[in-house]
Amino acid sequence: MSMTGQLLIGQRAYRGENGEFRGLDAATGQTLEPAFGGAGLADLDRACSLAEAAFDDYRARPLEQRAAFLESIASHILALGDELVERCMQETGLSRGRIEGERGRTVGQLRLFAEVVRQGSFLNVRIDPAQPDRKPLPKVDLRLRNIAIGPVAVFGASNFPLAFSVAGGDTASALAAGCPVIVKAHSAHPGTSELVGRAIQQAVSLHGLPEGVFSLLFDTGRSIGQGLVGDSRIKAVGFTGSRTGGVALMNIAADREEPIPVYAEMSSINPVLLLPHALRERGAVMANEFVVSLTLGAGQFCTNPGLILAIDGPALRLFEEAAVEALEKAAAQTMLTTGIHGSYCQGTERLRAHAGVETLGQGLEGERYQARAALFATSAVAFLQGLALREEVFGPASLIVRCNNEAQFKQVISALEGQLTIALHISEADYPQVRGLLPTLENKAGRVLVNGFGTGVEVGHAMVHGGPFPATSDTRTTSVGSLAIKRFLRPVSYQDLPAALLPLELADANPLDVPRQINGGRVHD
Ligand code: NAP
């Protein structure tokens, strides 16, 4: 399959005429062929009309067909073979191993959601049968199920060109829920986006689905992305990216005549708490593991460990020395885009120039668009003084906050903004202190983990990749794992519907064999 630079609107592919742009080679900054035509407002309107027209048909299709469609997207992505891997490597500067691994995750995610659809718990079927003889008043028959929310707009992330992009977690969970999807392609990997978009387009056709189930738009500015969020036919938004981008889209969605939910995953510095006993017992080992996590993928993970908290003393200083020793051997790595590289350089410069910050060490120097890892330290007092030291520096940079005592350690934790992850490094002797901290940590993060780092997000049923603002825009949800489907569903209750009119999943005989809760009892599989 070759790239054409065309918009994919339903089953059509044609060139957008609202300006053009090209992908860039992340390592050299050179432009890549072909040119991508930007969508105009008429293209946006066409994609939204098709999505709206497809909605009721798509969501009513049998669950088995929906599941097979998701699996078919996975197979079509794999069938793209090396063309996809190589284009993605070029556009992102990420290694073959990383891209192949991410492709595996993307395909695995689609298959996971196929299983979720088949299993049927996402429908949350609840039945409270009628009690006509109840006194003093008869009880009505009430039956509830979740239905798809409507067409969803998806904005992919630059740092996961496959797993959080065109066929990434947001798209997979929205399609699984029964929602048509319109993706606004990330401008940093347009070729990758087109290839994956065509794979989805083929799967739509193969499964005889209405064409508006999927469209892919390229935008040469901001008007198409913003227009999509503002369009009355769009009923929810999935976004992964910067805090400014996410907040801009949240504001547009909130200002609409009919406001809609925006599920934005934005900014997190993922604090790592080094508890005293663990720090004394295995500080050097922890330091080496920390540097591996910090520099993984040039630090371009939303779960990158951007902050270390510990009580100051000889054990922390030994940890710092070991971390600097490891960091100084860390090779510089190409960043995803020249813009991200520029922001990283500005962010590390800002920390270096801060009066309350000490530069502890740096990684090896590299080529023009490569990031040099960096480790800084500051006092708890300086950290608490303002927001300047709490901002995310996207890339392989981290800040150690030296606390004078346990009270200050707790004060720093309390001052943190919402996070995707908080990691604890502990020994058994630290358990009493950890027990006291857990309620605060739960209030701050979507995932609390022990003796590890947040990088490497398992895609499963019990994963939460979310958290209080600014980690995400909606602390009740996750963008990774099977629970992500909940974002694109809404409950509908049916009162006294005649059996002949009931949706199949609510029928007494349970012909779809879905898990159900009867009269508030246990859910039966
Ligand atoms: P981004 O710039 O927020 O872009 C994500 C998507 O949203 C892109 O499709 C982008 O369009 C679109 N977008 C952004 N702002 C918009 C707006 N105001 N109106 C309409 N659409 C908008 O995120 P990113 O590309 O992943 O990262 C870029 C910067 O965010 C980096 O400098 C990085 O430092 C920071 N950051 C990223 C992450 C992350 O997890 N990805 C985390 C923290 C910080 P275009 O493609 O046209 O730009």
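**Close-up views of the predicted model**

**View A. A cis peptide bond precedes Pro 470.** Pro 470 is placed in the loop between β20 (445–450) and β21 (489–495); helices (H or I, at least four residues) and strands (E, at least two) are DSSP runs, numbered from the N terminus. The model is a predicted one, in which local features need pLDDT of at least 70 and side-chain atom pairs count only at pLDDT 80 or more, whereas totals for chains, interfaces and linings use all residues. Residues are numbered from 1 along each chain as its sequence is written, and side-chain values use heavy atoms, with hydrogens and water left out. The bond that joins Phe 469 and Pro 470 has an omega of about 5°.

**View B. A second cis peptide bond runs from Glu 33 to Pro 34.** Its omega is near -5°. Pro 34 belongs to strand β4 (residues 31–37). Most peptide bonds are trans.

**View C. Asp 496 has a positive phi.** The value for this residue, which is not a glycine, is near 55°. Asp 496 sits in the loop between β21 and β22 (516–518). Most residues other than glycine have a negative phi.

**View D. The ligand is surrounded by 22 residues.** A residue is counted as near the ligand if one of its heavy atoms lies within 4 Å of it. Ser 158, His 186, Ser 187, Gln 226 and Ser 242 come nearest. By class, the shell holds 8 nonpolar, 11 polar and 3 charged residues; Ala, Val, Leu, Ile, Met, Phe, Trp, Tyr, Cys and Pro count as nonpolar, Asp, Glu, Lys and Arg as charged, and the others, Gly among them, as polar. Both domain 1 (47–109 + 150–266 + 476–487) and domain 2 (271–450) give at least three residues to this shell, with domain bounds from an automatic or database domain assignment.

**View E. Side chains of Ser 242, Ser 187 and Arg 222 approach oxygen atoms of the ligand.** A polar contact is a pair of N or O atoms within 3.5 Å; within protein, one must be able to donate a hydrogen and the other to accept it, and residues adjacent in sequence count only if both atoms are side-chain atoms. A polar side-chain atom of Ser 187 lies 2.8 Å from a ligand oxygen. For Arg 222 the corresponding distance is 3.1 Å, and for Ser 242 it is 2.6 Å. On its own the ligand has 850 Å² of accessible area, of which the protein covers 86%; accessible areas come from the Shrake-Rupley method with a 1.4 Å probe, and for residues only the protein chains shown count as cover. Two or more residues of the shell come from each of β10 (236–240), α8 (243–255) and α11 (338–353). Helix α8 gives the most, with 3 residues.

**View F. The second largest pocket has a volume of about 310 Å³.** Pockets and cavities are found on a 1 Å grid over the protein atoms alone: a cavity is a set of points where a 1.4 Å probe fits but cannot get out, a pocket is an open set with protein on both sides within 12 Å along at least five of seven lines, and lining residues have an atom within 4 Å of a point. Grid points are joined across faces, edges and corners, and a volume is the space filled by probe spheres set on the points. Of the 17 lining residues, Arg 59, Ala 60, Arg 61, Arg 145 and Glu 505 lie nearest the centre of this pocket. Elements α1 (41–60), α2 (63–79) and β6 (142–148) each give two or more residues to its lining. The largest share, 4 residues, comes from β6. The lining divides into 11 nonpolar, 1 polar and 5 charged residues.

**View G. The largest cavity has a volume of about 150 Å³.** It is lined by 17 residues, and those closest to its centre are Ile 269, Gly 306, Glu 391, Val 393 and Ala 397. Strand β18 (residues 397–403) gives the most to this lining, with 3 residues. The classes are 9 nonpolar, 6 polar and 2 charged.

**View H. The second largest cavity has a volume of about 70 Å³.** Among its 14 lining residues, Ala 264, Thr 472, Thr 477, Ser 479 and Arg 487 lie nearest the centre. Strand β11 (262–265) and β10 each supply at least two lining residues, and β11 gives the most, with 3. The lining has 3 nonpolar, 8 polar and 3 charged residues.
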